[in-house]
Each structure stands twice: as structure tokens, then as C-alpha cells.
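This report is meant for a reader who meets the structure for the first time. It begins with a single residue and then moves outward to the cores, a sheet, two helices and the contact between chains.

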Amino acid sequence: MLHVADLTCQILKNVGFTLREGENVTILGNNGSGKTTLARALCHLIPSESVFWEGKKIGEIAHHLRSQTINYVPTSLEVYDEYLSVTDYLDLNFFESSNPQMREEILRVLEIEHLRHSPCQSLSSGESSLLLIAGAILHRAKYTILDEPTANLDQAKKVKIYRLLKSGSYFQNKIIITHDLNLAYKLGYDVLYLEEGGVRFFGPCGDFFDPTHLESCFGNAVQNIGGNFVVNYDEVR
Amino acid sequence: MKYVSFVLALAVLVIAPFFGEIAVHIEEIFNPESSSSMLFWEIRFPRVIVAFCSGAILSLAGLVFQSVFRNPLTTPFTLGVASGATLGTALAIVFLGGLLFWQYALSFIGALLTVIVLFLLSRSLKSAQTLSLLLVGIALSFFYSAALMVLYYLSDFEQSYSIVRFTMGSLNVVGFDTAYPIVIASLLFLSAIHWQRKPLRLLLTSLDFAFLKGLHVTRLVMSLLLITSMAVAVCVSVVGPIGFVGLIVPHIIKLLYRRSSDTLIFPTFFYGGIFLVACDLIARNLGAASDIPIGVVTSFLGGPFFIYLILHRHKGSR
């Protein structure tokens, strides 16, 4: 059980919620509303006293246990060494000895086998996103926070990642940060909606996407067309 | 290519003790009565060993610092460790009559104090703010330079000359007594870094990634920093601040091998040593009356070669 009690740090104000084993959540919110800050606080990249796992402060858990408990996948891949390859990067995600079979399997699932020997620094932003996701799958944390996993991907890859998240066999508990309302809707996870650093909504997906509630959050910038939520570019103010 | 350079490197290492102002006759080195034997075992051989170990320490230190600080321009010299050692030596020259023992001792203390100051300051900086630490190091260097100016002002002509000569770096050693500490330091340093190569590889991605994989990032960074600075302190106290080696050798090795830094620990150590032996060979054989300062040779040789490699790489990637 992951529990956040009255978390106040940087721009976050009194954020509190609980995630039980087997529960997934989608974090929504405008730019600068604190989504990434919350994610980084959850995995202790931003130290805080308000995040608990099984009743213990996340900062007081041994480093390797914390690592097996919660993982965060950032929006962009950062690799300092210019010669570190995709294979090298993926192998770093295993806790003990690397498992080449599993690595190859994931490369195939995400259709990036051809990049196997490429230096990480040479990848496009979409390929980097796929590599980050592949690494997180191999990491196998209990909770995985994916920060805008589909933002840099083409349409077909978006569908692929959606199916991968939906299948349930690659990640245990998922925390998805996204701006893609349609993805959030189709995933059907509970929604945590942040506004100016505070929780404005935390509840079932259905309640969030209730037409009146949706309009109170986004005005008429979002339209429901045949069960798909799309951005209304012709929005008249 | 790699085999050729390895054989060449070994050749340099083997012939190095035989060349110098006075030629050593190979058939006489095992004859304890001859002057060649004394020259070989008391002067040349220890000198090559010290050159090799110094080059190896400085190069590997450069590789570690560049990885830890994630900045290709970083070396222990940038952090003020070498300046601390230089200031210590200068203090010994001016105030303690220039006794060799005090020069070594104070230079080691200067380097070590710098590391301790950096270490204490870094604890009040939040987590692994390596950039802030680097800025502190640069500030310390300036402070030491100013203090060195004061010493120049206070010293007489002869003392000033000694200080200048030390800051140029020198491999003039006699006998094995001065060689032992640096040999031991270099071997301990190599084993420590080799032992830490896996965590080091995690640092080569990003600090966040390393943290998320369960690595105690701050602790690792601090221990690598301390180990490296100690090795550099030993080195500087014996041969003086020989700059540039630590900066360019890791880059040259990276460009030649094209592998991630954690797999380059042995090549950097070995070729760093060879580089300084080769530079010393040139320094000993070009000068007529006395040796050319080793720092001059490393910069004259390394600089153009470094620029050539960088230009070459950019051509290759186009």
C-alpha cells in the first residue's frame, strides 16, 4: 500500500491519497500543476517525510528495497556517456545478473531490436521513450510511474503502449502521468486531477469523465466524439 | 590497431630507462660494479616507474572525475587538489628551509585538506550537487593562487625559483624510496576503481537513474572523490602538479576505443602511464644542460594530438 499523507513540497500543497495493491491511477493536470513533482516525491527523488509504503517512510527504506518498490520513468532519456549502448542501458535495469533472453524479448515486443547496438545518445525522442519503457519493464518495480509515456510516439506506437499497459503482464501497479485524456479514459484507472499543486479530484474514471465534471475542468476544450475524447481546436471562447 | 599500440607502448616502456644524457650499456646493468648499473637501478628505472605510476594515477583520476561530475573538462586539478598541494610545498620551501621531507609532507597535507574542505562543504550542499562542488573547487584554486602570490612576495630569489620549478612538475627521483608510495597508491587506486566499476556505469547514465536503481549516489560520489583525491595527493606530493595528462588521456582513450568509460579503467591507467613515460623520455633527451620541465612536454605533445583527434572525430561522424 502506497500512502501519501498531506504532502507539501515545492509547488505541491496538502496532497493526500492512498493506492492499494493492485490499484492503478492516472494523474492528470495542466502544465505546471505539479504532476512530475508529485511523481518525483513518490519515489524519493525529491526527499519528503509524507510518502509511506506499508506504513514506513519511503526515505527510511533501504535503497535497494525502495528501488524494488517504486520506479519512475521520466519524459526524456538522460545518458551521459556517449558510447553507452541500448543493450548496456537495458542490462543496467536488472537487479542481479542480466537476463539476455528477457532483454531480447522486450526489444522484440517494442520493435526496437534494430537499435540494439546503437548508442543511447543517438536515439530519436520516440525511440528514447520506447527504451525508457523497456527499461522500466525489466526493472519490475511494484509501482511504476510513467511520465507521459506516449507523448513522443507515433499513432501505432501509442496503440502498442496502450495495449501493453492494458495487458497487465508487464507492470504490476501503474501510475500514469498524461495529457492524453483519451488514453486516461480508455485505461479506465482512477483519476487524480491536480490543479495548482493541490488535488482537485481523486476518484473513479467514470466520475471524472462525467460530462458536467469534465466541462468544469477543461471548459469546451475537450469533446467526446463517439466515445473518444479529442481536443477541440475550434474551441470558441 | 589495439595490438599495434599495445606493442608500441611496451616498447616505449622497455627502452625508456636506456636513453638519457648518458647512455646505459645494456650488458653492464647486471654488473653491480659499473656506473651503468648504478645509473640504471638508482636513477633511470625508478624514474620510469614513477613516471608510469604518476601518468596512470592522473589519467584514471581524470576518467573518474569526468564520470562523476559528468563534465568532460573536470580533473582533480579543477577541484583545487593540485593547487592545495602546490601551496603546501611552497609553504615548506619558504618557511621550513626547503627540506625535502617537509615538502612532501606539506604538499600531501595541502591536497588532503582541500579534499576534506570539499568533503565538508559538499555535506552542507544538498545530495549530489556536483556542479556546486566544482564551483567551490574553482573558488579554492583561486584562493590558493592568491596565497601562492603572497608566498612569492615573501620569499627570496632562490625560494621563488624552487616554487616555480615545483609547479612545473618534475620526475627527478633518486632511488626507490620515493617510488614506493606512488607505486602502492597507484595499485590501490586501480583496484578500488575496478571494484566500483558497476556503480560507476550506473553513474554514466544519469544520477536520477542510478538513484532509482537503488544506488546510494551521494555516498558513492563522495567515496570515489576521496579515493581519487588521495591518490592524486600522493602523486602531486612526489612529482608536482603535472597538468593536462588527466584531462586529455581519458578523452584520447575514449576516442580510440569508443566504449563506455567504465570499461576503460585498465586502458586509461596503462596508456596514461605510457604517455607520461614517453613525455619524460622526450624531456630527458631534448634538453642540453638540464631536463625540459615535464609539464611543457605533456602540453606540447598532448595539445595538438588532442585537437587532431577532436577534428578527426567530427569528420568521421558526418
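Leaving aside its neighbours within four places in sequence, which residues is Cys235(B) in contact with? In this predicted model, and with those sequence neighbours set aside, the contacts of Cys235(B) are Ser54(B), Ile57(B), Leu58(B), Ile182(B) and Ala185(B).

**Nonpolar cores**

Cys235(B) and Ile57(B) also belong to the largest nonpolar core, which holds 142 residues, and together with Ala134(A), Ile145(A) and Leu60(B) they are the members that touch the most other members. The element that gives the most to this core is helix 2 of chain B (residues 35-69), with 16 residues. Apart from this core lies another one of 9 residues, including Leu87(B), Ile93(B), Leu106(B) and Tyr144(B). In soluble globular proteins, nonpolar side chains tend to be buried together.

**A sheet in chain A**

Chain A contains an open sheet of 6 strands, arranged in the order 6-7-8-3-9-10 and with mixed pairing. Two of its strands pair on one side only and so form the edges, as the table shows; neighbouring strands of the sheet are turned against each other by 15° on average, when direction is ignored.

| Edge strand | Residues |
|---|---|
| Strand 6 of chain A | 70-73 |
| Strand 10 of chain A | 198-203 |

Strand 6 of chain A is joined to strand 7 of chain A (residues 143-147) in the parallel sense, over 4 bridges, and within this pair Ile70(A) stands opposite Tyr143(A). Across strand 6 and strand 7 of chain A lies helix 5 of chain A (residues 125-139), which runs at about 175° to strand 6 of chain A.

**Helix 6 of chain A**

Helix 6 of chain A (residues 155-167) has 13 residues, and because each should add 1.5 Å, a span of 18 Å is expected, which agrees with the 18 Å between its end C-alpha atoms. Just after helix 6 of chain A comes Gly168(A), whose phi is positive, at about 80°.

**Where the two chains meet**

Between the chains, 17 residues of chain B are in contact with 18 residues of chain A. On the side of chain B that touches chain A, the elements that give two or more residues are helix 8 (197-203) and helix 9 (207-212) of chain B, and helix 9 of chain B gives the most, with 3 residues. The residues on this side of chain B divide into 5 nonpolar, 6 polar and 6 charged.

Note on methods
Residues numbered from 1 in each chain as written. Chains lettered and ligands numbered in written order. Predicted model: local features only at pLDDT ≥ 70, side-chain atom pairs only at ≥ 80, totals over all residues. Pairing = 2+ DSSP bridges. Axes fitted to C-alpha atoms, helices over the stretch in contact; angles between N-to-C directions. Contact = placed C-beta atoms within 7 Å. Core = buried A, V, L, I, M, F, W, Y, C linked by C-beta atoms within 7 Å. Buried ≥ 20, exposed ≤ 12 C-beta atoms within 10 Å, placed from the backbone. Expected span 1.5 Å × (residues − 1). Nonpolar A, V, L, I, M, F, W, Y, C, P; charged D, E, K, R; others polar.
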